[in-house]
Amino acid sequence: MQKYFFICVILITLNALDNGLGRKPPMGWNPWNKYGCNINEEIVRQTADALVSTGLAAAGYIYLNLDDCWQSARDPVTKKIIADPVKFPSGIPSLVQYVHSKGLKFGLYSDAGMQTCEGKPGSLGYEEIDAETYAEWDIDYLKYDNCHTDGTSPKVRYPPMSAALMKQSKKIYFSMCEWGLEKPWLWAPPIANSWRTTGDISDHWYSFIAILEEQANLAQYAGPGQWNDPDMLEVGNGGMKTHEYQAHFALWAILKAPLLIGCDITNMSQDTKKILMNREVIAVNQDSLGKQATRVKKVLTSEVWAAEVADNGAGVVAVLFNQASIQESITIEFDKLGISGPQNVRDLINQVDLGQSTVSYTCQVPGRSAVMVKFRSVQSEQ
């Protein structure tokens, strides 16, 4: 039996939030990276339709989440949050019902401050009434940001919303967006299902690789019900080339990041659709072991990230990543993966078998690209 020594890190033993959710990283769509504040009911309904018609929902993308700017005020008497009546004239409950009718789940956004990042009403001091409202509206997911605070620590401001959500009969996935300021991976597992590890991603190469670098030592804090979140996907937004987006997607998948699409899926290219719907790459992200990749090798601009997987044949998946602008030869030695003996090798991005390797595996990786391969012991398949 093979032993995968490279993933033998000690999982931090803080108990995950006990709401039964997030046993696998969530998959879905969020408008912020494409639309910012320019979101409305029509876009949401069209996106719900497109998630189904394109096959994205069937591939696992089931959360349709709103971000900032859906809300406008609080009722002066009840203090309940009110949706923007111009952008969402039918109201949030009607929109939730429509999204649910498509077999999807619906998410909202708020902030652990007095205002959201865009100056809309926040939830600080209103955690109980907001959690009750979300449950009443049948919300499935809450992204909780960190703007316009009272100066207290996130460790003080995030638990009240978590506790308020846990009081509801409707279980709601809780996504902390604390930006990694106070290392939430050290204290957030009992509070949230996932937590942002960095500031916001932007749709360009250097933003992507800067955020990737900050994930290098976080694998031991992730697992079923508790995920590190390096922010949403930029695939399809136009700021990177297709091979760069493919690398972005492959690495987010093996990091067990929430896979939240951030582009206009009603008008996406075939290249974008091919990346987002690659079932073998998605399977790595959704693997039942829930083990986040560790970086097992780095030489200048070449690096290898790897994780043990259990589904579709147990083995090890590795992403060989070339940050340079020119092609490089990247080798991963099997002892760095904790495997030995002949290995069957499969290219997961192109979904083709590559034959067998022993001792190590080498491939030519084009500039700013990634190769994603799965190793399975020949002996285990006999």
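Is the crossing of α7 and α8 left-handed or right-handed? The legends below take up this question and others in a model that is predicted.

**View 1. Helices α7 and α8 cross in a left-handed sense.** Helix α7, which covers residues 205-213, packs against helix α8, which covers residues 242-254, at an angle of about 20 degrees, and their axes are 11 Å apart. Since angles under 35 degrees count as roughly parallel, α7 and α8 are therefore roughly parallel to each other. The crossing of this pair, α7 and α8, is left-handed. On the side of α7 the contact is formed by Trp205, Phe208, Ile211 and Leu212, while α8 contributes Glu244, Ala247, His248, Leu251 and Trp252. Sorted by character, the residues of the contact of α7 with α8 comprise seven nonpolar, one polar and one charged.

**View 2. Helices α2 and α4 pack with their axes 10 Å apart.** Helix α2 spans residues 41-53 and helix α4 spans residues 92-101, and the angle at which they pack is about 15 degrees. It follows that α2 and α4 are roughly parallel to each other, and α2 passes α4 in a right-handed crossing. In α2 the residues Glu41, Val44, Arg45, Ala48 and Asp49 meet Ser94, Leu95, Tyr98 and Val99 in α4. The residues of this contact of α2 with α4 fall into five nonpolar, one polar and three charged.

**View 3. Helices α5 and α6 cross at roughly 40 degrees.** The axes of helix α5, made of residues 127-136, and helix α6, made of residues 154-166, come within 8 Å. Because of this angle, α5 and α6 are oblique to each other, and their crossing is right-handed. Glu127, Glu128, Asp130, Ala131 and Tyr134 in α5 meet Arg157, Pro160, Met161, Ala164 and Leu165 in α6. Among the residues of the contact of α5 with α6, six are nonpolar, none is polar and four are charged.

**View 4. Residues 302-375 carry a domain annotation in UniProt.** The unreviewed UniProt entry lists this stretch, residues 302-375, as "domain: Alpha galactosidase C-terminal". In the predicted model the span is 5% helix and 62% strand, and the C-alpha atoms at its two ends lie 20 Å apart.

**View 5. The whole protein, with eleven helices and 18 strands, gives the setting for the close-ups.** Taken along the principal axes, the C-alpha atoms of the protein fill a box of roughly 70 × 45 × 35 Å. For a protein of 382 residues, a compact globule would have a radius of gyration near 21 Å, and the value for this protein, 21 Å, therefore agrees with that expectation.

Notes: Residues numbered from 1 in each chain as written. Predicted model: local features only at pLDDT ≥ 70, side-chain atom pairs only at ≥ 80, totals over all residues. Heavy atoms only, no water. Axes fitted to C-alpha atoms, helices over the stretch in contact; angles between N-to-C directions. Helix = DSSP H or I, 4+ residues; strand = E, 2+ residues; numbered from the N terminus. Parallel < 35°, antiparallel > 145°, perpendicular 65-115°, else oblique. Left-handed = near helix turned anticlockwise from the far one by under 90°. Contact = heavy atoms within 4.5 Å. Nonpolar A, V, L, I, M, F, W, Y, C, P; charged D, E, K, R; others polar. UniProt positions renumbered as here; feature names shortened; annotations may be inferred. Rg over C-alpha atoms; globule rule 2.2 N^0.38 Å.
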